[in-house]
Structures are given as structure tokens and as C-alpha cells.
Amino acid sequence: MSGNIELLNTTLAATRAADRAALIAYLPAGFPTVDGGIEAVKAVIAGGADIVEIGLPHSDPVLDGPVIQTADDIALRGGVRIADVMRTVREAHEATGVPILVMTYWNPIDRYGVERFTAELAEAGGAGCILPDLPVQESALWREHADKHGLATVFVVAPSSQDARLATITAAGSGFVYAASLMGVTGTRASVGAQAQDLVGRTRATTDLPVCVGLGVSNAAQAAEVAGFADGVIVGSAFVKAMLDAPDEAAGLAAVRSLAGELAEGVRKH
């Protein structure tokens, strides 16, 4: 069974052909429950997300700010397992036909087994993995199995990345490049700004892969700003916060669907 890297590639090519950025939503698996998390993914797609990243909850999420950490804690307390992440990918993809990636730290994959993880993700219909803490120079085993199973390997670049380092990272990646808009952890920001635009420009100088910007985008105006210079706009904390702030699950699903609609309009307005 082959994964859906080609679906990811064609989705990003289609948004580019439409002269707009892709809207990429992030939600953790198992939050607020496994079933509720699956419904949340369907809701953001119904609202207009082109691609979804499913977070694999981790007890020590170095890149994630307090909002996503809170959701991860809820998922972990609920007993979420890698099998639940795979189920989330499978059911969301089967219901929508949209490319679904997993965002995870390396340790859980290492413990689970690279071959087992990649085979199961491909079998679930996954399009690939975003691996924020896997150093490129240590990624050969992962990439070998990801390639074998038709999965994208998305690496994260940051404003601190030197140009030579950017070239090394982008040469090893596939699907797209995740450009972290600023140093620090995830969360909504008042401004996403110039650092992100500079990073996208420097990254594009090294690769033909789409460059998608995450960390800090929370509303339609920011989405439009980032869509003016990036191939994709990644939004996570704002969706998670909408779920956390809702009085019940139904209200949470309505909130994330509505937010996805506003953001989808934003990426078309740049």
C-alpha cells in the first residue's frame, strides 16, 4: 500500500495554479477525544482547509506553546496511542479525500519502529510526516522507508537557519518545506511579519518545493498577509484554542469550521 505523497503534491500544485496559498490546518489526535478529534478534522476540511496535519501528542513538546500543550495533555490523559493517530488519519482521509500528514517528534517513531510506522501510515492513506526535531543528517533510515511507502518527509526550517543549512535541509525533504515564521514555540501572534518573508525567500532560493509558513497565524488578515509570499499557510493553535474555548464539542466543531472558512477566504485575498 502506497501513501499519498502524490495527492499532497497535486493539491499544492492546484492551489498554486489557482494563484493562491494552500490552507493547512493542524489538530492533535485524541483531542478532545479520538472520535471528537476525527470530527474536528472533518470540520476544518468542510470549512475550507486544503491539507491537514495531525499532531501525535507528546509529553515533552519542545516546539509547542501552551495551547497545543494543553490539548496534548488532554489527549494523553485520555490514553491516546499511535493506533489512534493512524485511525484519525484513515477516517479523516476516507471521509474527505484530502491529504493528511502526521506531525510528530522523532522519539515516538523511533520507539515504535520506523518500518512499522511508515507502513501503517501509508496503509491509513497518510501523505507524509512533518518531523520538527529530526536532524537531516540522521534522517536516512526514515527517508528510505518513507520513500518506499510513498510518504513525504517535511522538514522544518527557521529564521536562524543559515543559507547553506537551508540547502541541505530542502535537498533532503519532499512534499513541502515547513518554514517556522519566528524563533520560539507555537502560538498565535499579533504579527507574523518580515522574518517569515525573508525566510521564505531564502528557502525558495534553494528548492522548487512549496514553502509553507507556520507559527503565529490566527486570523484571516494574517492568513492573507502570509499568503502573499508563501505557498501555504499553516494554522494550529488558533484551531485548538477555538476547541478549548468552546462550551461543548458541538460548539467547538462549529467554531473550527467557521474559523477555517474565514482563513480560507483570507488565503484567497492576498
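This is a guided tour of the structure above, stop by stop, with a suggestion of what to select at each.

The model is a predicted one, in which local features need pLDDT of at least 70 and side-chain atom pairs count only at pLDDT 80 or more, while totals for chains, interfaces and linings use all residues. Residues are numbered from 1 along each chain as its sequence is written, and side-chain values use heavy atoms, with hydrogens and water left out.

**The sheet**

Begin by selecting the strands, which, like the helices, are DSSP runs numbered from the N terminus (helices: H or I, at least four residues; strands: E, at least two). Nine strands form an open sheet with parallel pairing, in the order β5-β4-β3-β2-β1-β9-β8-β7-β6. Because β5 (152–154) and β6 (156–157) stand at the edges with a single partner strand each, one side of each is left without a neighbour in the sheet. Two strands are said to pair here if DSSP finds at least two bridges between them.

**Strand β1**

Now select β1, residues 22–28, where seven of the seven residues are buried; buried means under 20% relative accessible area, exposed over 50%, and partly exposed in between, with a 1.4 Å probe and protein chains only. From this strand A22, I24, Y26 and P28 point one way, L23, A25 and L27 point the other way, and all are buried. Add β2 (residues 51–55), which pairs with β1 in the parallel sense over five bridges: I24 stands opposite I51, and the bridge partner of P28 is G55. Then add β9 (residues 232–235), whose pairing with β1 is also parallel and runs over four bridges, with L23 opposite V233.

**Loops on either side of β1**

Going back along the chain, select D19, in the loop between α1 (5–17) and β1. D19 has a phi near 60°, a positive value in a residue other than glycine, and it is exposed, with a relative accessible area of 58%. In the loop between β1 and α2, select P32, which is joined to F31 by a cis peptide bond with omega at about 0°.

**The nonpolar core**

Which residues have the most contacts inside the largest nonpolar core? Select V44, F117, W142, F176 and F239, and around them the rest of a core of 93 residues. The term stands for a set of buried Ala, Val, Leu, Ile, Met, Phe, Trp, Tyr and Cys residues joined through side-chain atoms within 4.5 Å. Helix α12 (residues 249–267) supplies the largest share of this core, seven residues. Centre the view on F117 and leave aside residues up to four places away in sequence: F117 touches L56, I82, M86, V102, I109, Y112, C129 and W142, a contact being heavy atoms within 4.5 Å.

Move next to helix α11 (residues 237–245), in which S237, A238, F239, V240, A242 and M243 are buried. Their cover includes β1, α2 (34–47), α3 (66–77), β9 and α12.

**The largest pocket**

For the largest pocket, select L56, P57, H58, S59, L76, V80, R81, I82, V85, P108, R111 and Y112, which line it. The elements giving two or more residues to this lining are α4 (82–96) and α5 (106–112), and α5 gives the most, with three. By class the lining has eight nonpolar, two polar and two charged residues, where Ala, Val, Leu, Ile, Met, Phe, Trp, Tyr, Cys and Pro count as nonpolar, Asp, Glu, Lys and Arg as charged, and the others, Gly among them, as polar. The volume is about 240 Å³, taken as the space filled by probe spheres set on grid points that are joined across faces, edges and corners. On a 1 Å grid over the protein atoms alone, a pocket is an open set of points where a 1.4 Å probe fits, with protein on both sides within 12 Å along at least five of seven lines, and lining residues have an atom within 4 Å of a point.

**Two buried loop residues**

Select V98, in the loop between α4 and β3 (100–103), which counts as buried at 12% relative accessibility. Leaving aside neighbours within four places in sequence, V98 is in contact with L7, I45, D50, I51, V52 and H93.

End at F229, in the loop between α10 (220–227) and β9, which counts as buried at 10% relative accessibility. From F229 to T203 the C-alpha distance is 12 Å, across 26 residues in sequence.
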